Amino acid sequence: QVQPVESGGGLVQAGGSLRLSCHHSISWRSINTMYWYRQTPGEQRVLVASISSFGDTTYAQFVKGRFTISADNDKNTVDLQMISLKPEDTAAYYCRIGTQWRDYWGQGTQVTVSS
(Lines give C-alpha, C1' and ligand atoms only; values in the text may rest on other atoms or scores of the structure.)
Protein backbone atom coordinates (compact mmCIF):
# COMPACT_ATOMS: atom_id res chain seq x y z
CA GLN A 1 0.00 0.00 0.00
CA VAL A 2 2.65 2.53 1.05
CA GLN A 3 4.93 3.40 -1.86
CA PRO A 4 8.68 3.93 -1.43
CA VAL A 5 9.89 7.45 -2.21
CA GLU A 6 13.20 8.22 -3.89
CA SER A 7 15.10 11.46 -3.47
CA GLY A 8 18.51 12.92 -4.21
CA GLY A 9 18.39 13.08 -7.98
CA GLY A 10 19.46 16.15 -9.87
CA LEU A 11 21.82 17.65 -12.39
CA VAL A 12 25.52 16.98 -11.96
CA GLN A 13 28.64 17.36 -14.09
CA ALA A 14 30.47 14.34 -15.43
CA GLY A 15 32.84 13.06 -12.79
CA GLY A 16 30.63 14.31 -10.01
CA SER A 17 28.72 12.46 -7.31
CA LEU A 18 25.17 12.03 -6.10
CA ARG A 19 23.60 10.05 -3.30
CA LEU A 20 20.13 8.71 -3.91
CA SER A 21 17.93 7.71 -1.02
CA CYS A 22 14.80 5.59 -0.97
CA HIS A 23 12.59 5.85 2.07
CA HIS A 24 10.01 3.17 2.73
CA SER A 25 7.63 2.01 5.44
CA ILE A 26 8.31 -1.70 5.19
CA SER A 27 9.47 -3.55 8.28
CA TRP A 28 12.99 -4.87 7.89
CA ARG A 29 11.71 -8.22 9.12
CA SER A 30 9.69 -8.54 5.90
CA ILE A 31 12.38 -7.49 3.45
CA ASN A 32 14.28 -10.02 1.36
CA THR A 33 16.17 -7.77 -1.02
CA MET A 34 16.26 -4.11 -1.98
CA TYR A 35 17.14 -2.92 -5.45
CA TRP A 36 17.97 0.13 -7.51
CA TYR A 37 17.01 0.21 -11.19
CA ARG A 38 17.34 2.82 -13.88
CA GLN A 39 15.50 3.57 -17.08
CA THR A 40 16.04 5.93 -19.99
CA PRO A 41 13.36 6.95 -22.52
CA GLY A 42 12.67 4.18 -25.00
CA GLU A 43 14.63 1.62 -22.98
CA GLN A 44 13.69 -1.12 -20.57
CA ARG A 45 14.26 -0.71 -16.87
CA VAL A 46 17.52 -2.37 -15.87
CA LEU A 47 18.94 -3.49 -12.56
CA VAL A 48 21.73 -1.33 -11.20
CA ALA A 49 22.39 -2.79 -7.76
CA SER A 50 20.84 -4.88 -5.02
CA ILE A 51 21.37 -5.62 -1.37
CA SER A 52 19.93 -8.57 0.51
CA SER A 53 18.68 -8.60 4.08
CA PHE A 54 21.96 -10.27 4.95
CA GLY A 55 24.00 -7.49 3.39
CA ASP A 56 25.05 -9.28 0.21
CA THR A 57 25.35 -6.87 -2.70
CA THR A 58 25.29 -7.15 -6.47
CA TYR A 59 26.11 -4.56 -9.12
CA ALA A 60 25.63 -4.20 -12.81
CA GLN A 61 28.94 -4.31 -14.64
CA PHE A 62 28.45 -0.79 -15.98
CA VAL A 63 28.45 0.72 -12.47
CA LYS A 64 30.79 -1.65 -10.68
CA GLY A 65 33.43 0.24 -8.75
CA ARG A 66 31.54 3.53 -8.99
CA PHE A 67 28.22 2.92 -7.21
CA THR A 68 27.61 1.61 -3.71
CA ILE A 69 24.30 0.38 -2.37
CA SER A 70 23.59 0.41 1.35
CA ALA A 71 20.64 0.00 3.69
CA ASP A 72 19.81 1.46 7.05
CA ASN A 73 17.17 -0.51 8.90
CA ASP A 74 16.73 2.12 11.61
CA LYS A 75 16.00 4.84 9.06
CA ASN A 76 14.04 2.60 6.68
CA THR A 77 16.18 3.66 3.75
CA VAL A 78 18.19 2.13 0.96
CA ASP A 79 20.76 4.44 -0.59
CA LEU A 80 22.77 4.46 -3.78
CA GLN A 81 26.02 6.39 -3.58
CA MET A 82 27.17 7.28 -7.07
CA ILE A 83 30.61 8.62 -7.87
CA SER A 84 32.52 9.29 -11.09
CA LEU A 85 29.24 9.84 -12.87
CA LYS A 86 29.14 9.64 -16.64
CA PRO A 87 26.67 11.11 -19.12
CA GLU A 88 25.47 7.58 -19.86
CA ASP A 89 24.33 7.31 -16.24
CA THR A 90 21.58 9.79 -17.06
CA ALA A 91 18.28 8.06 -16.30
CA ALA A 92 15.34 7.86 -13.97
CA TYR A 93 16.36 5.80 -10.97
CA TYR A 94 13.86 3.61 -9.14
CA CYS A 95 14.02 1.68 -5.91
CA ARG A 96 12.29 -1.63 -5.33
CA ILE A 97 11.66 -3.26 -1.97
CA GLY A 98 11.22 -7.01 -2.25
CA THR A 99 9.37 -8.83 0.52
CA GLN A 100 8.12 -12.35 0.95
CA TRP A 101 4.66 -11.09 -0.05
CA ARG A 102 5.18 -8.58 -2.83
CA ASP A 103 7.41 -5.93 -4.34
CA TYR A 104 7.09 -2.19 -3.73
CA TRP A 105 8.28 0.29 -6.36
CA GLY A 106 9.03 3.96 -6.02
CA GLN A 107 8.08 6.58 -8.60
CA GLY A 108 11.66 7.37 -9.49
CA THR A 109 14.09 10.25 -9.26
CA GLN A 110 15.82 11.80 -12.26
CA VAL A 111 19.59 11.86 -12.55
CA THR A 112 21.09 13.95 -15.32
CA VAL A 113 24.84 14.00 -15.93
CA SER A 114 26.18 16.72 -18.17
CA SER A 115 29.31 16.35 -20.26
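Two strands pair if DSSP finds at least two bridges between them. The strands themselves are DSSP runs of E with at least two residues, numbered from the N terminus. With that in place, here is one pair: Glu6 has Cys22 as its bridge partner in β3. That belongs to the pairing of β1 with β3, which run antiparallel and are joined by 3 bridges.

A word on the source. This is a predicted model, in which local features need pLDDT of at least 70, side-chain atom pairs count only at pLDDT 80 or more, and totals for chains, interfaces and linings use all residues. Residues are numbered from 1 along each chain as its sequence is written, and side-chain values use heavy atoms, with hydrogens and water left out.

Now the sheet. Which strands form it, and in what order? There are 4 of them, in the order β1-β3-β8-β7, forming an open sheet with antiparallel pairing. β1 (5–7) and β7 (67–72) are the edge strands, each with a single partner, so one side of each has no neighbour in the sheet. On average, neighbouring strands here are turned by 15° against each other, direction ignored; the axes are lines fitted to C-alpha atoms, and angles run from 0 to 180 degrees between N-to-C directions.

Moving along that order, β3 and β8 run antiparallel and are joined by 6 bridges. One of the partnerships is Leu20 with Leu80 in β8. β7 and β8 (residues 77–82) are also antiparallel and joined by 6 bridges. There, Ser70 has Asp79 in β8 as its bridge partner.

In a regular strand the side chains alternate between the two faces of the sheet. For β3, the covered face holds Leu18, Leu20 and Cys22, while Arg19, Ser21 and His23 are on the uncovered one.

Next, what lies in the core. A nonpolar core here is a set of buried Ala, Val, Leu, Ile, Met, Phe, Trp, Tyr and Cys residues joined through side-chain atoms within 4.5 Å. Buried means under 20% relative accessible area, exposed over 50%, and partly exposed in between, with a 1.4 Å probe and protein chains only. The largest nonpolar core has 26 residues, and those touching the most other members are Trp36, Phe67, Val78, Leu80, Met82 and Tyr93. At least two residues come from each of β3, β4 (31–39), β5 (46–52), β7, β8, β9 and β11 (109–114). Which strand gives the most to this core? β9 does, with 4 residues.

Take Leu80 as an example. Contact means heavy atoms within 4.5 Å. Leaving out residues up to four places away in sequence, Leu80 touches ten residues' worth of neighbours that include Leu18, Leu20, Trp36, Phe67 and Tyr93. In strand β9 there is also Ile97. Ile97 counts as buried, at 0% relative accessibility. Its contacts, again without residues up to four places away in sequence, include Pro4, Met34, Val78 and Tyr104. Ile97 and Asn32 are 65 residues apart in sequence, and their C-alpha atoms are 8.0 Å apart in space.

Thr99 is in β9 too, a strand that covers residues 91–99. Thr99 is buried, with 10% relative accessibility. A polar atom of the Thr99 side chain lies 3.1 Å from the backbone nitrogen of Trp101. Among the residues that Thr99 touches, beyond four places in sequence, are Ile26, Asn32 and Tyr104.

Last, the charged pairs. Side chains of opposite charge can pair when their charged atoms come close. A salt bridge is counted when a side-chain nitrogen of Lys or Arg is within 4 Å of a carboxyl oxygen of Asp or Glu. How many are there in the whole structure? The search finds 4 salt bridges.

One of them joins Asp79 and Arg19, at 3.0 Å from N to O. Asp79 is in β8 and Arg19 in β3 (residues 18–23), so this pair ties together parts 60 residues apart in sequence. Is Asp79 buried or exposed? Asp79 is buried, at 12% relative accessible area, whereas Arg19 is partly exposed, at 42%.

Another links Asp89 and Arg66, at 2.8 Å from N to O. Asp89 sits in the loop between β8 and β9, and Arg66 in the loop between β6 (57–59) and β7, 23 residues apart. Both count as buried: Asp89 at 1% relative accessibility, and Arg66 at 11%.

Asp103 and Arg96 form a salt bridge as well, with their closest N and O atoms 2.7 Å apart. Asp103 is partly exposed at 27%, and Arg96 is buried at 15%. Finally, salt bridges with shared partners join Arg38, Arg66 and Asp89 into one network.

Technical notes
Polar contact = N/O pair within 3.5 Å; in protein donor to acceptor, adjacent residues only side chain to side chain.
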